[in-house]
Amino acid sequence: MIRLSGRFRSALIIGIQGIRARKMRTFLSMVSLFLGVLAVVVVQAGAETVEQAQLANLAVQVGKDGTRQAYLPGSPESVRVSNETLANRPDGVVIATRQAIVGEPGVVPVNPGGTPFDQPGGYGGPGGPMYCDQYGCRPISPGGGDAGTPVPGQAIELTLNTLTGDIRQFKPFRQVSGEWLEFTSAPSLAPRLVLNLEAAKGFNRHQVPAEMRIDGTTANPTPRIIGVVDDGSPQPVAYSRTDELANWISPNTAASEFGPGLQVMLAPTAGELERLLILRLTATGTPADQIHFETIQARENIARDLALIRWIFLGMASLVLLIGVAGILNVGLATVGERVEEFALRRAVGTSRLLLAGIVLAETLLTGLLTATAAIGASALALSAAGALLADQAPFLEDMVFPWRAGVAGVIAGLVAGLLGGLIPAIRAARIPIATVMRA
Amino acid sequence: MTALLELHGITKTLKGQRTPRTILDGVDLTVESGESVAILGRSGSGKSTLLSLIGLFDRPDGGRYLLGGQDITRLSERRAAALRSAEFGFVFQRFFLLKHLTAAQNVAMALVNGQGWLPRRKRRARTMAALDQVGIAHLAKHRPARLSGGEQQRVAVARALVREPRLLLADEPTGALDTETGNLVIEVMRSATERGCGLILVTHDRDHANKMRRVLRLDDGVLNPATTTPDEAWTPHSAGMQAAPSGAGPTPESAAGVSAPDGADPTREGVPR
């Protein structure tokens, strides 16, 4: 072990001396290798970045990996049981979905059905204002139409998700402005709403009265909008506390027949809670075959999709890396030719062939490592600069950290290139006969 | 007492040509510890080849090679490297200093060769001791380009001595130096023999050969087993050449046709050291 250590140290010392003595050649080797290592690092970092961005979006839209979720029948009984079972539980949340209209009473909302504001079928689409009913959608005439056609007014329809707890532990919404719902204080008579970006867009465009109509209410509450989040949904959505709406609508009212209806999300560790909920739901008449929990596995699905693309790009990067290897090989062979006397002399003073090869490899490996460090540094700087400059267009870049896997890939690429580029020069160096020195 | 070095019937043939050429033909040689031996001979007589075989740079085709009584005729490359490091010191005509290293680093090169590991402090101490031994410790940080020829060769000698070898092999170490500087280098190497180190010197310089305990002649691959003096070795009637003036040494041309002197005294008493 000590002998091995001595050889390793000797190779390292002599390798460093060699690099210092031939700075220009080392630099030229690094230049040829830099692009190859950079390509590998960029592909790896790019794939990681895209994967992270996709995962972040999926986590916001679908939920974090490992979360247990179930879509349940939205009957009043299952809503009641779910709300009671998960009340005040930090490891689970019940999401009941309803349609709500905020604005003037008795008018058709600007986006009937809660559709996006800029899409056909919604207000402001290419065909102008639209009215949709069970027979389909048609343009609303500017004059107000006949007596049978409801009059469009200043109201916005949105999907209202009532929550028994903080959903962000499962879906990490990005806070855009204001604040998120807090569930520790007493429920307010004026339900607090947090809008998503699409809903915020509607409220920004249209001045609507603060009156909210929900099916099943006997009176219309006055909501308070306290914040805006990015939940990844293209439709206008608002989030509210279940208990705050309970002042206006029974929490046991059936959930909407449209959309997810009643959804339950549980932490991966809440197995006991899951069993209790299933037990109580089946005991109160919910058919067991309609209760099905599943685990969210977004990363696995995404990884499969991205793997192929990543390998294709890595293949291309490897080709660029090979050019770098050829550069190191070229410079290495030329250097060995110049250092024949040195290598023969080193063998004369007791350096073995193996160590001599190790010295040449140490130099190329160190060169590869230096190059990898430079390429990784350049990539990290580029990512940081991209984050600063393009944060507006690509928000996920703002908090993006240089992925460590890309760094590891760069180091491996540098070392492999150093090894491949240095192997033949090392063998040549080891084969130099000592007699060359004696007869020189 | 076991001899430091024994060669018995060593042969070496140069192959790869139409007719193989015999470089060494049955060489017998014994060197004791602390003994200094000069080998004279004209160019192409096989002196350097003999030295390369003794120094384990190459393998003989035949014969036996004993070092300290151990047969090392057939050694693995790894073992040969270890012996080169531990037992031999080499001094060449062309110094062979690495120009990108300082004098001290050139000397320490023999210590950083994978044959055992010395901590930096010990390495430095031994390097400085070797440089001090050849009288140039004050030039330790100088690169070869800033040293004179004599200083460079003394750095080379320090490199050869830094591992305290049992045998010093010098191949025309003064060939590129003036007489005065050459004498200095020879004295430095001779002083190593006083500490028990054997010395084999290949040279053309009669004065330098005179300072060795024994002088041997190598002619066309045959080493004359008889000990002789340089004067005898270059005797015109025996060597078929003009006697070279003392200190100048024969030129390769003048040495052409030299043969073993007749009647050389095998006991070689009274040869100056």
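D243(A) is partly exposed, at 32% relative accessibility. In this predicted model, its side chain meets that of R241(A) in a salt bridge, 2.9 Å from N to O. The two partners sit in contrasting surroundings: R241(A) has a relative accessible area of 0% and is buried, whereas D243(A) is partly exposed. Because buried means under 20% relative accessible area, the 0% of R241(A) puts this arginine in the buried class.

**Around R241(A)**

Let us stay with this arginine for a moment. R241(A) belongs to strand β10 of chain A, which covers residues 237–241. What does the side chain of R241(A) find besides a carboxylate? A polar atom of the R241(A) side chain lies 2.8 Å from the backbone oxygen of S185(A). Leaving aside residues up to four places away in sequence, R241(A) touches L163(A), L181(A), E182(A), F183(A), T184(A), S185(A), A186(A), P187(A) and R192(A).

**Salt bridges elsewhere**

Side chains of opposite charge can pair when their charged atoms come close. Over all chains, the count comes to 30 salt bridges. Four of them can be set side by side:

| Salt bridge | Closest N to O distance |
|---|---|
| E77(A) with R80(A) | 2.4 Å |
| D243(A) with R241(A) | 2.9 Å |
| R166(B) with E87(B) | 2.7 Å |
| E77(B) with R347(A) | 2.7 Å |

The pair of E77(A) and R80(A) is a local one: both residues lie in helix α3 of chain A (residues 76–86), three residues apart, about one turn of the helix. E77(A) is partly exposed with a relative accessible area of 32%, and R80(A) is partly exposed too, at 24%.

The pair in chain B has another layout. Where do R166(B) and E87(B) lie? R166(B) is in the loop between α5 (149–161) and β7 (167–171) of chain B, while E87(B) is in helix α2 (residues 77–87), so the salt bridge ties together parts that are 79 residues apart in sequence. R166(B) is partly exposed, with a relative accessible area of 36%, but E87(B) counts as buried at 15%. Back in chain A, salt bridges that share partners join E77(A), R80(A), E84(A) and R280(A) into one network.

**Where the chains meet**

The size of an interface is often given as the accessible area lost when the parts come together. For chain A and chain B the buried area is about 2,600 Å², and carbon and sulfur atoms give 61% of this area. Chain A brings 27 residues to the contact and chain B brings 28 residues.

How many salt bridges are there between chain A and chain B? The count is three salt bridges. One of the salt bridges between the chains joins E77(B) to R347(A), with the closest N and O atoms 2.7 Å apart. Seven residue pairs are in polar contact across the interface, both residues being at pLDDT 80 or more.

On the side of chain A that touches chain B, the elements giving two or more residues are α1 (2–21), α8 (340–348), α9 (353–389) and α11 (435–439). The largest share of that side comes from α1(A), which gives nine residues. Sorted by class, the side of chain A that touches chain B has eleven nonpolar, six polar and ten charged residues.

**Chain B and the aromatic pairs**

Chain B has ten helices and ten strands. Of its 273 residues, 58% count as buried. Among the contacts in chain B with a separation of 6 or more, 70% come from residues 24 or more positions apart.

A pair of aromatic rings is described by the distance of the centres and the angle of the planes. Over all chains, the structure holds seven aromatic pairs. One of them, F173(A) with W180(A), is edge-to-face, at 5.7 Å centre to centre and 75° between the planes. F173(A) is buried with a relative accessible area of 8%, and W180(A) is buried at 7%.

In chain B, F92(B) and F96(B) form an edge-to-face pair, 5.5 Å centre to centre with 80° between the planes. Both F92(B) and F96(B) are buried. They also belong to one aromatic cluster together with F57(B), F88(B) and F90(B).

Conventions: Residues numbered from 1 in each chain as written. Chains lettered and ligands numbered in written order. Heavy atoms only, no water. Phe/Tyr/Trp six-rings, centres within 6.5 Å; stacked < 30°, edge-to-face > 60°. Buried < 20%, exposed > 50% of the residue type's maximum accessible area, 1.4 Å probe, protein only. Contact = heavy atoms within 4.5 Å. Buried area = accessible area lost by both parts, 1.4 Å probe. Salt bridge = Lys/Arg side-chain N within 4 Å of Asp/Glu carboxyl O. Polar contact = N/O pair within 3.5 Å; in protein donor to acceptor, adjacent residues only side chain to side chain. Helix = DSSP H or I, 4+ residues; strand = E, 2+ residues; numbered from the N terminus. Nonpolar A, V, L, I, M, F, W, Y, C, P; charged D, E, K, R; others polar.
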